[in-house]
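Reader: I would like a close look at one part of this model, the salt bridges. Please take me through them one by one and say where the partners sit.

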Amino acid sequence: MKLLIVRHADPDYSIDSLTEKGWREADYLSERLSRLPVKAFYVSPLGRARDTASLTLKKINAQAVECQWLREFRPDIWRPDVTEHKMIAWDWLPQDWTAEEKHFGYDKWQETDIFVESKVKEEYDWIAGSLDDLLR
């Protein structure tokens with residue numbers, strides 16, 4: 001079994017779709033993917049992901065299964081340098097997250113106060129479990 005993970009083409013976040021460049025990228029991608037013996041397609045519910053996949057799916061007359069767990073990682077955290085609002089968990093300055101020793105441990109990162117408060121582990125477990133289910 002081969003598993004291909006394709007990230008969306010150049011996004012236009014303001015409309016949750018693609019830029020003009022992104023549509024060209026999706027078209028180039030469709031030329032390559034449409035020649036492969038793909039048995040199943042899975043796509044995030046986000047417009048930019050669905051739009052990227054749409055050109056390939058149209059070329060081969062296929063449909064994708066939309067999976068909620070493929071969307072962006074949702075938990076927001078209180079970053080130490082931003083106090084007026086929460087930020088997405090992966091948009092964190094290295095000098096801040098590297099200051100916490102637990103972030104370097106594969107079995108300890110989820111125990112930090114920031115991640116516990118934001119339920120990062122729960123989101124991670126849901127996504128990892130959903131991927132495990134798909135692979136089974």
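Author: This is a predicted model. A good place to begin is the end of the chain: Arg 136 counts as exposed, at 73% relative accessibility. Its side chain forms a salt bridge with Asp 133, and the closest N and O atoms are 2.7 Å apart.

Salt bridges that share partners also join Asp 16, Arg 48 and Glu 72 into one network. Within that network, the side chains of Arg 48 and Asp 16 meet at 2.7 Å, N to O. This pair links distant parts of the chain, 32 residues apart: Arg 48 belongs to helix α2 (residues 47–60), while Asp 16 lies in the loop between β1 (11–12) and β2 (17–18). Arg 48 has a relative accessible area of 5%, under the 20% cut-off, so this residue is buried. Asp 16, with 26%, is partly exposed.

Another salt bridge lies within a helix. Arg 24 pairs with Glu 20, with 3.5 Å between the closest N and O atoms. Both residues are in helix α1 (residues 20–33), and because they are four residues apart, about one helical turn separates them. Arg 24 is partly exposed at 41% relative accessibility, whereas Glu 20 is exposed at 63%.

As for the setting, the structure holds 14 salt bridges, and the protein chain carries 20 positive and 26 negative charges, whose mean positions are 8 Å apart. The chain has five helices and six strands. Its radius of gyration is 18 Å, well over the 14 Å that the globule rule gives for 136 residues, so the chain is more spread out than a compact globule. Buried residues make up 31% of the 136 residues.

Terms used
Residues are numbered from 1 along each chain as its sequence is written. This is a predicted model: local features need pLDDT of at least 70, side-chain atom pairs count only at pLDDT 80 or more; totals for chains, interfaces and linings use all residues. Side-chain values use heavy atoms; hydrogens and water are left out. Helices (H or I, at least four residues) and strands (E, at least two) are DSSP runs, numbered from the N terminus. The radius of gyration is taken over C-alpha atoms; the globule rule is 2.2 Å times the number of residues to the power 0.38. Buried means under 20% relative accessible area, exposed over 50%, partly exposed in between (1.4 Å probe, protein chains only). Lys and Arg count as positive and Asp and Glu as negative; His and the chain ends are not counted. The place of a charge is taken as NZ of Lys, CZ of Arg, CG of Asp or CD of Glu. A salt bridge is a side-chain nitrogen of Lys or Arg within 4 Å of a carboxyl oxygen of Asp or Glu.
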